[in-house]
Amino acid sequence: MAVIETAEKMLPAGLRPAGVRMLRTLAACLTARGEKAAAQRMALTAFSIRIVSAALALLSQIVLARLMGEYEYGIFVFVWVLIVLFGDLSCLGFHTAIVRFLPQYRAAGALEKIRGLTGTARIFGLLSGTAALAIGMIALHVFSDRIENYYVIPIFLGLIAMPMIALGDILEGTSRANHWPVMALSPAYIVRPVLIILFMLTAIGLGAPQTAVTAMQAALAATYVTAVGQYVATLLRLRRHYQEGPREVDFLGWLGVAFPIFLIEGVSFLLTNSDVVVVGIFLEPHDVAIYFAAAKTMALVHFINFSVKAASGPRFSSLIAEGTRQQLAAAAIDAARWTFWPALAIGLAVLAAGHVLLSLFGGAFTAGYLVMVILLAGILAKALVGPAETLLMMAGKQNICVLLYAGALTANISLNVLLIPGLGIKGAAIATASAMGVEAILLHVAVRRALGIALFAFATPPAAKTDMEVR
């Protein structure tokens, strides 16, 4: 109230009404109780973390590009994208299944199920990540003669990080399900990028060459340090909240839900990163570097959707278990608005500073400005439906999403393969933006047919109050 009263005195008369309303809304969000307020606080915290992490990620990529040059930087980013992509996929959807089940178990007071779920997920993440490591090593050995020599050692180093990437995702899902946004997002999006730069600079200071191999060594060390620290912190906090006691394990039941989520998120991850992968396959590391720099700069807009998605999952799950269809529709449309309008504002701001931001990577990187413009169109199309895929998964409609994302991924890869050889990185941007538009349309139709909700940033929630039918 003191801040609001001070703002009333300091703000110009023309801005005072809108400014005070915003401050009162923020104050209510920070102090109110209930599931909606908790979700809003988590969204704001996640939003703040993602602002910091986006700035750190951009800064770290600029530093790496300056240190290594376009060619070596292109090698590093192509390999690191592949490793993070398949490291995430190796969880087989368990990290999101935690967000689906834990809030429901907590509402029912089933602490033994919570202990069983979180413990099983951690073990499963480590084992599945290790299996991905073994499969990757075998594939690297078998196909080494078909892989460019400059990719072989970086891929080898990256594969060793896979178990820790998988464990980190499981721990992130555990924290998200408990409304611990700082613990959920800080390790992978703040701590790890900072450590990569610190380890890289330390290695160079000790005489290591400024190459992609050195960068991968730094990334490997940073991944292990971050995951181990996150594991200890999460385990201690879980024990404080749920204490030690009996555990109830329903592995097949959880896997039955997790695996369709894996198919959905797997296709979604491929959908998000296939452009970089295809660019790396068809074009030289120099082109990969320019495209990635442009895409990474536009990631300043992507974090809006990520932040809202991180907060919406637990809220959707709770409303599906205890709320009405009207409440779920209102929450979904509210999430779409929280996604679209900030994405539009930040996207336009990033484009205004686009040439300056790209030039920070190096003079040659400004060739990626048109890529930024094209990608923003796709990002805004996707933002119109907000975290629709999260809504479908929390409502148990995973199977619908599998077919939906398979269609979007097919369109994405087909367009990338068709357009990249002739148009280069601009073709990759057009293909990716078009696939985002297809994804948004399919998600809107799926939510409308499966849940009866017209999910759109400009929509209004239905007036009818009916019992939930999506349990």
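This passage describes the salt bridges, two helical features and the aromatic contacts of a predicted model.

Three salt bridges are present in the structure. One of them joins the side chains of Arg 239 and Glu 244, with a nitrogen-to-oxygen separation of 3.2 Å. Both partners have access to the surface in the model, although they fall into separate categories: Glu 244 is exposed, with a relative accessible area of 52%, whereas Arg 239, at 46%, is classed as partly exposed. The assignment of Glu 244 rests on the cut-off for exposed residues, which is set at over 50%, and the value of 52% therefore places Glu 244 in that class.

A further salt bridge is formed between Arg 315 and Asp 334, whose closest N and O atoms are 3.9 Å apart. Arg 315 belongs to helix H11 (residues 285–322) and Asp 334 to helix H12 (residues 325–352), so that this pair ties together parts that are 19 residues apart in sequence. The acidic partner, Asp 334, is partly exposed at 21% relative accessibility, while Arg 315 is buried, with a relative accessible area of 12%. Because the buried class covers values under 20%, the 21% computed for Asp 334 leaves this residue in the partly exposed class.

The remaining salt bridge to be described pairs Lys 382 with Glu 389, and here the closest N and O atoms lie 3.3 Å apart. Lys 382 is buried, with a relative accessible area of 10%, and Glu 389 is likewise buried, with a value of 5%.

Two helices were also examined. Helix H5 spans residues 111–142 and contains Thr 120, a residue that counts as buried at 15% relative accessibility. When residues up to four places away in sequence are set aside, Thr 120 is found to touch Val 249, Phe 251 and Trp 254. Helix H17, which covers residues 425–451 and comprises 27 residues, reaches 38 Å from its first C-alpha to its last, a span close to the 39 Å expected at 1.5 Å a residue. Helix H17 is followed by Gly 452, for which the phi angle is positive, near 70°.

Attention then turns to the aromatic residues. A pair of aromatic rings is described by the distance of the centres and the angle of the planes. With ring centres required to lie within 6.5 Å, the count comes to 16 aromatic pairs. Among them is the pair of Phe 361 and Phe 365, in which the ring centres are 5.5 Å apart and the planes stand at 35°, so the arrangement is tilted. Both rings belong to buried residues, with relative accessible areas of 2% for Phe 361 and 1% for Phe 365. In the pair formed by Phe 456 and Phe 458, the centres are 5.3 Å apart and the planes stand at 70°, so this arrangement is edge-to-face. Here the residues are partly exposed, with a relative accessible area of 30% for Phe 456 and 44% for Phe 458.

Ring pairs additionally link Tyr 71, Phe 78, Tyr 150 and Tyr 151 into a cluster. An aromatic ring also takes part in an arrangement with a charged side chain, as the charged end of Arg 100 sits over the ring of Phe 101, at 5.5 Å from the centre of that ring.

How values were computed
Residues numbered from 1 in each chain as written. Predicted model: local features only at pLDDT ≥ 70, side-chain atom pairs only at ≥ 80, totals over all residues. Heavy atoms only, no water. Salt bridge = Lys/Arg side-chain N within 4 Å of Asp/Glu carboxyl O. Buried < 20%, exposed > 50% of the residue type's maximum accessible area, 1.4 Å probe, protein only. Helix = DSSP H or I, 4+ residues; strand = E, 2+ residues; numbered from the N terminus. Contact = heavy atoms within 4.5 Å. Expected span 1.5 Å × (residues − 1). Phe/Tyr/Trp six-rings, centres within 6.5 Å; stacked < 30°, edge-to-face > 60°. Lys NZ or Arg CZ within 6 Å of the ring centre and 35° of its normal.
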